Amino acid sequence: MIRRLSLTLAAGLLALGATAALAGGSSAPFEQYQPDPALRTAPKANLEARVRRACAVVQARMTSASEASLERPCGCYASRTLRSLDEAEIESYRTTGYFNDSARAKALGALDACKLQRPV
């Protein structure tokens, strides 16, 4: 039930233009989700900004904190995660709009290192 709620939340964020930059959730394709075509050609700095924004939105909802208060920890998360991804993982993210299984494992480590809550 909680896993389904996480997936629904992630899909809703994606629909609002945020990317599924969460480490939790399923890697199964979202049935109706179409990734933003801008992901395909976006510079890595833009990918990092999208991951940071999605982190702030989700963490704010999970912790009842303001998005502004999460700027630093989510910046830590986004930069650590994207620095750790190899080219295949980045290409997968660009194609699907969410992290594949190997990238998700790295993102979970970044969540822990940056002292953020893991989505259930």
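**Chatting through a five-helix model**

Student: Hey, what does L116 touch, not counting residues up to four places away in sequence?

Tutor: L116 touches C55, Q59, L70, P73, C74, Y77 and L111, where a contact means heavy atoms within 4.5 Å. This is a predicted model, so local features need pLDDT of at least 70 and side-chain atom pairs count only at pLDDT 80 or more, while totals for chains, interfaces and linings use all residues. Residues are numbered from 1 along each chain as its sequence is written, and side-chain values use heavy atoms, with hydrogens and water left out.

Student: Okay, and what is the secondary structure of the protein chain?

Tutor: Five helices and zero strands. Both are DSSP runs, numbered from the N terminus: helices are H or I with at least four residues, strands E with at least two.

Student: Back to L116. Which residues touch the most other members of the largest nonpolar core?

Tutor: L116 is one of them, along with L47, V51, Y77 and F99, in a core of 22 residues. Such a core is a set of buried Ala, Val, Leu, Ile, Met, Phe, Trp, Tyr and Cys residues joined through side-chain atoms within 4.5 Å. Buried means under 20% relative accessible area, exposed over 50%, and partly exposed in between, using a 1.4 Å probe and protein chains only.

Student: Which helix gives the most to this core?

Tutor: That's α2, with five residues. Helices α2 (44–63), α3 (71–84), α4 (87–96) and α5 (101–113) each supply at least two.

Student: New topic: how many aromatic pairs does a search of the whole structure find?

Tutor: One. Y93 and F99 form a tilted pair, 5.2 Å centre to centre with 40 degrees between the planes. For Phe, Tyr and Trp (its six-membered ring), rings pair if their centres lie within 6.5 Å; planes under 30 degrees apart are stacked, over 60 edge-to-face, and the rest tilted. Both Y93 and F99 are buried.

Student: And how many disulfides are there?

Tutor: Two, counting pairs of cysteine sulfur atoms within 2.5 Å. One joins C55 to C74, S to S 2.2 Å, and links helix α2 with helix α3, 19 residues apart. The other is C76 with C114, sulfur atoms 1.9 Å apart.

Student: Why is the C55 and C74 disulfide left-handed?

Tutor: Because the torsion about its S-S bond is about -70 degrees. The link of C76 and C114 is left-handed too, at -75 degrees.

Student: Is C114 buried or exposed?

Tutor: C114 is buried, at 7% relative accessible area, whereas C76 is partly exposed at 24%.
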